[in-house]
Amino acid sequence: MEKKLRITIPNEIYNIIESDLIDFGITKNFLCNYIFENSDGFKEVYNYKYNGSKKIIQFNLNKKNLENYYSFLIEKNIEVEAEYFRNIFLYYAQQSKKSRELFIFKKIADKIVYGIENKKKIIVTFIDETKKIISPYYIASSELELKNYLFCYDEEEKKFKNFTLRNIKTVYITEKKRYEDEMKFVNEVIKNFDPFLSYNKSVTVKFTDEGLKILNVIKTYRPKILEQKNNMIKFQCSELQGKRYFSYFWNEVEILEPESLRLWFKNKVEKTFDIYK
């Protein structure tokens, strides 16, 4: 017999949950059951203020949670089940995006951490079913705490890379010891972590006056400034980050170095010109 629950929650909390379903690639039924199943340690949310608009979130308790559900209500002295669920949904949604992701992907993160602490290579299977053998070093978040990343050494491609935690489906811990060379580099990357692995890399850019104004406005993925002389700025920046960030500027910037990134932008401009000519 199914147990269907309909819980009224503030509109903004509903939107956070809906956003997580998309970003984490999970279903509403899974998320609601997972929150309930792992709600030990959640604190009660007092005096939560919201704008008055509400929505109903509806889901079915899975077989595992339903098995001892009524015993749980009695043990916890829960008289109004809707209040309990509303509270744990509020608590979940008030955590940062990074913390919610670590909560949902805890089993995967725990295996990665074990591999890091025990210096083991791991085999990761991604959501697209591709597999990689990697040496894991660090789980970190972006500056805005929107995603968690696994910093590692890709044993097949022979280079350091970042993978987003939410794209990892399974982790298998091997008995092989991880890649231990260049630990000085690894420690510096961890110390100066960014999702694009920009440590020890640079991009030099010439801005128009309007470009400098845009630089002060667009903060997402903005690289660290190393040197500035008038409208010319040298950034700590990988080519990947440069492609992502400076594409916003159109003709308000000129990429000076490295030559490979300058050529990439030149080709993009020429292709754009071909479309509109």
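In which strand is the place of Thr-204? Let us work that out first, then move on to helices, cores and backbone geometry.

This is a predicted model in which local features need pLDDT of at least 70 and side-chain atom pairs count only at pLDDT 80 or more, while totals for chains, interfaces and linings use all residues. Residues are numbered from 1 along each chain as its sequence is written, and side-chain values use heavy atoms, with hydrogens and water left out.

**Exercise 1. Place Thr-204 and describe its surroundings.**

Step 1. Thr-204 sits in strand E8 (residues 202-207). Helices (H or I, at least four residues) and strands (E, at least two) are DSSP runs, numbered from the N terminus.

Step 2. Thr-204 has a relative accessible area of 11%, so it is buried. Here buried means under 20% relative accessible area, exposed over 50%, and partly exposed in between (1.4 Å probe, protein chains only).

Step 3. Setting aside neighbours within four places in sequence, Thr-204 is in contact with residues including Met-232, Ile-233, Ile-255 and Glu-257. Contact means heavy atoms within 4.5 Å.

**Exercise 2. Describe how helix H1 (residues 11-24) packs against H5.**

Step 1. Two packed helices are described by the angle between their axes and the distance between the axes. The axes of H1 and H5 come within 10 Å and cross at roughly 65 degrees. These axes are lines fitted to C-alpha atoms, for helices over the stretch in contact, with angles running from 0 to 180 degrees between N-to-C directions.

Step 2. The crossing of H1 and H5 is left-handed. That is the case if the near helix is turned anticlockwise from the far one by less than a right angle; clockwise gives right-handed.

Step 3. H1 brings Ile-13, Ile-16, Ile-17, Asp-20 and Phe-24 to the contact, and H5 brings Phe-89, Leu-90, Tyr-92 and Ala-93.

Step 4. By class, these residues are eight nonpolar, no polar and one charged. Ala, Val, Leu, Ile, Met, Phe, Trp, Tyr, Cys and Pro count as nonpolar, Asp, Glu, Lys and Arg as charged, and the others, Gly among them, as polar.

**Exercise 3. Find the residues that touch the most other members of the largest nonpolar core.**

Step 1. A nonpolar core is a set of buried Ala, Val, Leu, Ile, Met, Phe, Trp, Tyr and Cys residues joined through side-chain atoms within 4.5 Å.

Step 2. The largest one has 47 residues, and Phe-85, Phe-89, Ile-104 and Ile-112 touch the most other members. Helix H5 (residues 81-93) gives the most to this core, with eight residues.

Step 3. Not counting residues up to four places away in sequence, Ile-112 touches several residues, among them Ile-122, Pro-136 and Leu-165.

Step 4. Leu-165 lies in the loop between strand E6 (159-164) and strand E7 (168-177), and at 1% relative accessibility it counts as buried.

Step 5. A second, separate core of 16 residues includes Phe-235, Val-253, Ile-255 and Leu-261.

**Exercise 4. Identify what is unusual in the backbone at Pro-258, Asn-200 and Trp-250.**

Step 1. Most residues other than glycine have a negative phi, and most peptide bonds are trans.

Step 2. Glu-257 and Pro-258 are joined by a cis peptide bond, with omega about 0 degrees. Pro-258 is in the loop between strand E11 (253-257) and H11.

Step 3. Asn-200 has a positive phi near 70 degrees, and at 65% relative accessibility it counts as exposed.

Step 4. Trp-250 has a positive phi near 50 degrees. It lies in the loop between H10 and E11 and is exposed, with a relative accessible area of 67%.
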